[in-house]
Amino acid sequence: MSEKDRIEPQLPKCPTGIKGLDEITNGGLPKGRPTLLSGNAGSGKTLIAMEFIVKGALEYDEPGVFMSFEESDRELAQNVTSLGWDLEKLVKEKKIQLSHVKVDRSEIVEMGDFELEGLFARLEHAIDSIGARRVVLDTIEVLFGAFTNRAILRSELQRLFRWLKEKGVTAIVTVEAGENTLTRHGIEEYVSDCVIFLDNRIVNQSAIRRLCVVKYRGTSHGTNEYPFLIAEDGVSLLPVTSLGLDYKVPTEQISTGIDRLDTMMGGEGYFRASSTLVSGQSGTGKTSVAAFFVDAACRRGERSLVFCFEESTEQLLRNMRSIGLDLTPWIKNGSLKIQTLRPWSCGLEQHLVNMIKIIEDFKPRCVAIDPISSFLSLGTDLQIKSMLCSLIDYLKMNQITGLFTDLSSRDEVDLATTSSVSSLIDTWIMLINIENQGERNRGLYIVKSRGMAHSNQLREFLLTNHGVDLIDVYVGPEGVLAGATRLTQEARQKEAEMVHRQEYEQKQRLLEIKRKAVERQIKSMREEIEAEEEELKKRIEIEMLRESALTNDQVAMGKMRGIDKPVSGNKETPARESE
Amino acid sequence: MEKVVLKLYVSGKSPRYKRAIEEAHRIREKLSGYDVRLEVIDIREHPEVAGDDNILATPTLIKKLPPPIRRIIGDLFDSDKVLMVLDLAPLGSKATEI
């Protein structure tokens, strides 16, 4: 046995099967001991006690006896059919025994001392007939109304609890809460292993149910009041959120569903299990960002859940279809669930418990809430922050990626709900209105995104009928231009370019002309020279001819005169010297 | 003769219940003018019948007939008082004159 075991002997626990309760009690109720369940009228005592028995039979193979002092067997069965529990069947299968004890004050006259052996006998008979391991007495308060001899009653109840312990059954005993005391008749003195208190009150016009483990001997337990609700399959307690921020932090990034936005976010998108806030004024396109997020998730084959506080499912689907996003196939194949809720239907805590329950049932990997500003009217800033904190905590603990849209009234960065959560969230995308020249266009920028290099540029956010585009804006001397002014600017730019090019082309042409002209000049000059050369050549020719003719003449004349010496060294002239 | 049906529920054989049974018999004697049927049931031996008459406390004496049904719990230490509660005047006794 380790050191730890010796120092903290743990009581064996009996799991209740009630959502959240086993977590809070670190395993369930004390096994083989009685637990006191105190609460005022309508707080849910009977239901919790019944769920303990039913779950015991269905999930833990422990038969149970439900001894009711108020409701008849039939009433009990009827009250729980809406929760899907078939008591009659369980009774037939001997998994449950219902024992109704009618106590009518008016009939009983007390004369002398008595015991409650009738109670013991009936209880024992019921337990033995099915081998019960769990017992409920609901509510022993009634006994105090029936018998006036308090002393006997007290001592008999003491005996009863001892007897239950000896029998080794885990019991829940329900009592009415006193005005200022835990129980009206001081029973908590005798049942001291575990005391649970249920509260049911109206706060801010909403009914809130809370459970508190007042005492649990030998176990560390959550000491807070935990809100719970009665859902359609039983009681659901808000599970404990981690006190330390020690959840796993994945490094995987998932697509936002909008390509350019992925690029702006370090190339990949949101971190898995991160929380993203998309804030903006009315009509800036927040819901579309949320819709693309869940669409991308569904495409990856991951379940997604959207909590819609403002629109109906049909409205949402129609609006998304107008921007080319059809979510209906995902709904049909079960990947996407759209849960519409009305913000004023219950209080903050109930909303939280309700949403968590829906998440636990559907088990999505991605959750979107549109918009969280719906909670603004339901509590103080602190309460809202606390609730959102719990929700975000819960999502992170369960590695669920969350996206919340937030309606803001101005384009600025600190606002009511936004400032409450901005420190809790990992990524903050802001959608703004760009107003210029009598036009409004949408813009998007990333205020922050922890853990990644993200773009800090403003992009124009276009909702077209084939989807979403993020395009660069113009930042000119007039400021940021988007929409039509951007188009104008683009056109202007194009025109300027065209003009510039035309000028250039023209210059080129002129140059060409000039060159040609010069070339022509050169050509003509050359021709001139050539002509002169030609002429010169001719002249030389003529001159040569003349000279040669002259020579010939001279020779002829010489011959006639009898000159024998060749004038030009001719070989044919015979050598006269040899004579 | 008027029919009287009494049921006494006890739990075991402790002195308290022995006394209760004796008292019940004494009461029956006082009802000599009636056709009395007294049934003593030990719920230790027959726990299943405790549910029939909704027995919680013991000893319990129930008058089933004549109606209305009356129920007394406790040691029943005063048989005259018991008779009064059970609304059974012993036959043959004079009504006290005021």
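Among the contacts in chain B with a separation of 6 or more, 65% join residues that are 24 or more positions apart. I should say at once that this is a predicted model.

Let me stay with chain B for a moment. Chain B has 98 residues, and buried residues make up 35% of them. Its secondary structure consists of 2 helices and 4 strands. If we follow the sequence of chain B, these elements appear in the pattern β-α-β-β-β-α.

I now turn to the place where chain A and chain B touch. On the side of chain A, 20 residues take part, and they are in contact with 25 residues of chain B. Which elements of chain A each supply at least two residues of the side that touches chain B? They are strand S6, residues 108-110, and helix H6, residues 117-130. The largest share comes from H6(A), with 7 residues. As for the chemical classes, the side of chain A that touches chain B holds 9 nonpolar residues and 8 charged residues, together with 3 polar residues.

Strand S6 of chain A deserves a further remark. Which strand of chain B does S6(A) pair with, and in what sense? The partner is strand S4 of chain B, residues 70-73, and the pairing is parallel, over 3 bridges. Within this pairing, we may look at one position in particular: Ile108(A) stands opposite Arg71(B), a residue of S4(B).

To summarise the contact between the chains, S6(A) pairs with S4(B) in the parallel sense, and H6(A) provides the largest share of the side of chain A that touches chain B.

Note on methods. Residues are numbered from 1 along each chain as its sequence is written. Chains are lettered from A and ligands numbered from 1 in the order in which they are written. This is a predicted model: local features need pLDDT of at least 70, side-chain atom pairs count only at pLDDT 80 or more; totals for chains, interfaces and linings use all residues. A residue is buried if 20 or more other C-beta atoms lie within 10 Å of its own, exposed if 12 or fewer, and partly exposed in between; C-beta atoms are placed from the backbone. Two residues are in contact if their C-beta atoms, placed from the backbone, lie within 7 Å. Ala, Val, Leu, Ile, Met, Phe, Trp, Tyr, Cys and Pro count as nonpolar, Asp, Glu, Lys and Arg as charged, and the others, Gly among them, as polar. Two strands pair if DSSP finds at least two bridges between them.
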